[in-house]
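Biologist: Could you walk me through how to read a few features of a protein model?
Modeller: Happily, let's look at it together.

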Amino acid sequence: MKKVERINLIMRYINNRASFTISEIMREFSISRSTAIRDIREIEAMGMPLVAEVGRDGGYFVMSNAVLPPVRFTDTEIKALFIAFMATRNQQLPYLKSRQSLAEKLLGLISQSHQDDLVLLNQLLLFEGTNPNNPDLLELSDLPHPILEKLIQLLLLDRYLWITIREGHDINSYPIYLLHLYREKSIWLIEGYELKEEKRRLFPVDYLTDVEPYSVNKRLSHKKIQEKLMKEEEAFNMILELGPKAIEQFKKYHPLKVSISYIDPFQSRAILKTHVNGEHAEELSDMLNWLLFLGEDIKIRLLPEEMAGALHIRIKSFDHLV
């Protein structure tokens, strides 16, 4: 953790407490006594009014009515925030209204000339999903699923959830332990451990109709879930060796759960190992398209039988076109 980040966290920690000791700061932030003392002195120098209590059980307390120093942004920090907002426009991210109100508050912190700079940047910089004729336009697609924010609020409190989801013409409910919430190909997905059938599953957030905390007392512990997940890990059935050109393609785009391991000190060769579900037609097609996207600078060590056959047919069709 960087020093500036640590000091900001310590400031928030002590501002929410009537008193604290150096030992508590050491334990909370896993730092040495000398570092804790040095950080406290720096915080005092920044203007936070701390009073030291002498004695065996002494420590520090914050003077009453004391608040954190106001947050100030530099011109370049304001530009960085606005460019981040622009880049994520129309990306179905949660807290849309909060992002809009935050942008308005930031505008109030800067001068008219700096505001003019941001208006010009908004006209000149275009990102995926931006309407070039009206950069300020928010498409309807920017609105995330209405349950997404509720889901995020709940998982911050408890990862054991009871989700209700539309599956075809049916509405089904499942108790899950949420492993990850991620977005891939413009779709939000829940990766969860289904507690009744005791297996990993993916649930599209778009089909959620409700989500609530799962309050059953006899829960499978996090440790037990991880043990079961390790046991059910599928064997790798796709192994590739990537050369430098394929590595560059990999960096441009790769499925969220696929990673590579470099096999030389210059990071010019790498090994990719993953599992492809050959019985899932959509996954098989997506992985085949991505394999072709990597280009010719690969060596195939292992492929699922279904994928190898489909690849052979695809290559033959290319040869026929040529």
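Biologist: Where does Gln 267 lie?
Modeller: In this predicted model, Gln 267 sits in the loop that runs between strand 10 (260–262) and strand 11. Its phi is positive, about 55°, although Gln 267 is not a glycine.

Biologist: Is Gln 267 buried, partly exposed or exposed?
Modeller: Buried needs under 20% relative accessible area and exposed needs over 50%. Gln 267 has 47% relative accessibility, so it counts as partly exposed.

Biologist: Which residue in the loop between strand 6 (187–194) and strand 7 (199–204) should I look at?
Modeller: Try Glu 198, which lies in that loop. Glu 198 has a positive phi near 55°, and it is a residue other than glycine. With a relative accessible area of 34%, Glu 198 is partly exposed.

Biologist: Let's move on to the inside. What is the general idea of a core?
Modeller: In soluble globular proteins, nonpolar side chains tend to be buried together. Here the largest nonpolar core has 21 residues. Those with the most contacts inside it are Met 238, Leu 242, Phe 250, Leu 272, Trp 290, Leu 291 and Met 307.

Biologist: Which elements give two or more residues to this core?
Modeller: Two strands and three helices are on the list: strand 9 (238–242) and strand 11 (270–274), with helix 9 (244–252), helix 10 (281–294) and helix 11 (305–321). Helix 10 gives the largest share, 6 residues.

Biologist: What does Leu 272 touch?
Modeller: Leaving aside residues up to four places away in sequence, Leu 272 touches Met 238, Ile 239, Leu 240, Leu 242, Phe 250, Val 258, Ser 259, Ile 260 and Trp 290.

Biologist: How do I read a single helix, say helix 5?
Modeller: Begin with its span. Helix 5 (residues 96–107) has 12 residues, which at 1.5 Å a residue should span 16 Å. Its end C-alpha atoms are 17 Å apart, which agrees.

Biologist: Which residues of helix 5 are buried?
Modeller: Leu 96, Arg 99, Ala 103 and Leu 106 are buried. They cover an arc of only 85° around the axis, so they are on the same side of helix 5. Helix 4 (75–87) and helix 7 (148–157) are among what covers these buried residues. On the face turned away from the buried side, helix 5 carries the exposed residues Lys 97, Glu 104 and Lys 105.

Biologist: And charged side chains?
Modeller: Side chains of opposite charge can pair when their charged atoms come close. The cut-off used for a salt bridge is a nitrogen of Lys or Arg within 4 Å of a carboxyl oxygen of Asp or Glu. The count comes to 14 salt bridges.

Biologist: What does the pair of Arg 6 and Asp 39 tie together?
Modeller: Arg 6 lies in helix 1 (residues 3–15) and Asp 39 in helix 3 (residues 33–45), so their pair ties together parts that are 33 residues apart in sequence. The salt bridge is 2.6 Å, N to O, and both Arg 6 and Asp 39 are buried.

Biologist: Which salt bridges lie within one helix?
Modeller: One of them joins Lys 79 and Asp 75 at 2.8 Å, N to O. Both lie in helix 4, 4 residues apart, about one turn of the helix. Asp 75 is partly exposed, with a relative accessible area of 29%. Asp 75 and Lys 79 are also linked with Asp 117 in a network of salt bridges. Another salt bridge joins Glu 248 and Lys 251 at 3.9 Å, N to O, and these two are 3 residues apart in helix 9.

Note on methods
Residues numbered from 1 in each chain as written. Predicted model: local features only at pLDDT ≥ 70, side-chain atom pairs only at ≥ 80, totals over all residues. Heavy atoms only, no water. Core = buried A, V, L, I, M, F, W, Y, C linked by side-chain atoms within 4.5 Å. Buried < 20%, exposed > 50% of the residue type's maximum accessible area, 1.4 Å probe, protein only. Contact = heavy atoms within 4.5 Å. Expected span 1.5 Å × (residues − 1). Arc of directions from axis to C-beta. Salt bridge = Lys/Arg side-chain N within 4 Å of Asp/Glu carboxyl O.
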